[in-house]
Amino acid sequence: MAVFRFFAWVMFLVAMIALVSDVTRAANGAPMTVTTTFAYWKSVSPQSLAASAAAVQKSVHPLLWDPLIVRVLLLPIWALIGFVGLALAVIGRRKRRVNIFAN
């Protein structure tokens, strides 16, 4: 479970860096723009984005990619990575010890 907590903190750190990047770009006089996950993925590796789209459309269903996955990828990158970090933190949380006293 410590592995999940570690990766949750890494995801929170990456989400914070992405948020600060968007905010500082707006603070330097540029108009406020939010970097979406789709735009970032397309700028970093357009081949893997196209391959992922083709794989999902071929193996699962074509309608799964366009309305559902693209809508998730249109979220800001800091929100999506932060949500993944939150999910990992919930999975890796420490369990509360319950003391049961019987008479």
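**Exercise 1. At its relative accessibility, does Trp 9 count as buried or exposed, and what is the percentage?**

Before the solution, two remarks on the model are needed. This is a predicted model, in which local features need pLDDT of at least 70 and side-chain atom pairs count only at pLDDT 80 or more, while totals for chains, interfaces and linings use all residues. Residues are numbered from 1 along each chain as its sequence is written, and side-chain values use heavy atoms, with hydrogens and water left out.

*Solution.* Start with the cut-offs: a residue is buried under 20% relative accessible area, exposed over 50%, and partly exposed in between, for a 1.4 Å probe and protein chains only. Trp 9 has a relative accessibility of 63%, so Trp 9 counts as exposed. Phe 12, with a relative accessible area of 29%, is partly exposed.

**Exercise 2. Find the aromatic pairs and classify their geometry.**

*Solution.* Take the rule first: rings of Phe, Tyr and Trp (its six-membered ring) pair if their centres lie within 6.5 Å, and planes under 30 degrees apart are called stacked, over 60 edge-to-face, and the rest tilted. This rule gives 2 aromatic pairs. One of them joins Phe 6 and Phe 7, whose centres are 5.4 Å apart with 65° between the planes, an edge-to-face arrangement. The pair of Trp 9 and Phe 12 has ring centres 5.9 Å apart and planes at 80°, and is therefore edge-to-face.

Next, place the rings in the chain and on the surface. Trp 9 and Phe 12 are separated by about one helical turn because they stand 3 residues apart in helix H1 (residues 2-27). Phe 6 counts as exposed, at 52% relative accessibility, whereas Phe 7 is partly exposed, with a relative accessible area of 42%.

**Exercise 3. Describe the overall build of the protein.**

*Solution.* Count the secondary structure, where helices (H or I, at least four residues) and strands (E, at least two) are DSSP runs numbered from the N terminus. The protein has 5 helices and 0 strands, and its pattern along the sequence reads α-α-α-α-α.

Then consider the dimensions. The radius of gyration is taken over C-alpha atoms, and the globule rule is 2.2 Å times the number of residues to the power 0.38; a compact globule of 103 residues would come near 13 Å, but this protein has 19 Å. Along the principal axes, the C-alpha atoms fill a box of roughly 65 × 45 × 20 Å. Of the 103 residues, 19% count as buried.

**Exercise 4. Work out how helix H5 fits against its partners.**

*Solution.* Check the length first, using an expected span of 1.5 Å times one less than the number of residues. Helix H5 (residues 77-91) has 15 residues and should span 21 Å, which agrees with the 21 Å between its end C-alpha atoms.

Now list its buried positions, which are Ile 77, Leu 80, Ile 81, Gly 82, Gly 85 and Leu 88. The buried residues of H5 pack against H1, H2 and helix H4 (62-73).

On the H1 side, Met 11 lies in helix H1 and is partly exposed, with a relative accessible area of 27%. Contact means heavy atoms within 4.5 Å; leaving aside neighbours within four places in sequence, Met 11 is in contact with Ile 81, Val 84, Gly 85 and Leu 88. Met 11 and Gly 82, although 71 residues apart in sequence, are 6.3 Å apart from C-alpha to C-alpha.

On the H2 side, Thr 37 belongs to helix H2 (residues 37-44) and counts as buried at 11% relative accessibility. With the same neighbours left aside, Thr 37 is in contact with Leu 73, Leu 75, Pro 76, Ile 77 and Leu 80. One of these, Pro 76, lies in the loop between H4 and H5.

**Exercise 5. Identify the largest nonpolar core.**

*Solution.* Apply the definition: such a core is a set of buried Ala, Val, Leu, Ile, Met, Phe, Trp, Tyr and Cys residues joined through side-chain atoms within 4.5 Å. The largest one comprises 6 residues, namely Leu 49, Ala 53, Val 56, Trp 65, Val 70 and Leu 73. Helix H3 (46-59) and H4 each supply at least two residues of this core.

Finally, trace one member outward: leaving aside neighbours within four places in sequence, Leu 73 is in contact with Thr 36, Thr 37, Phe 38, Trp 41, Leu 49 and Trp 65.
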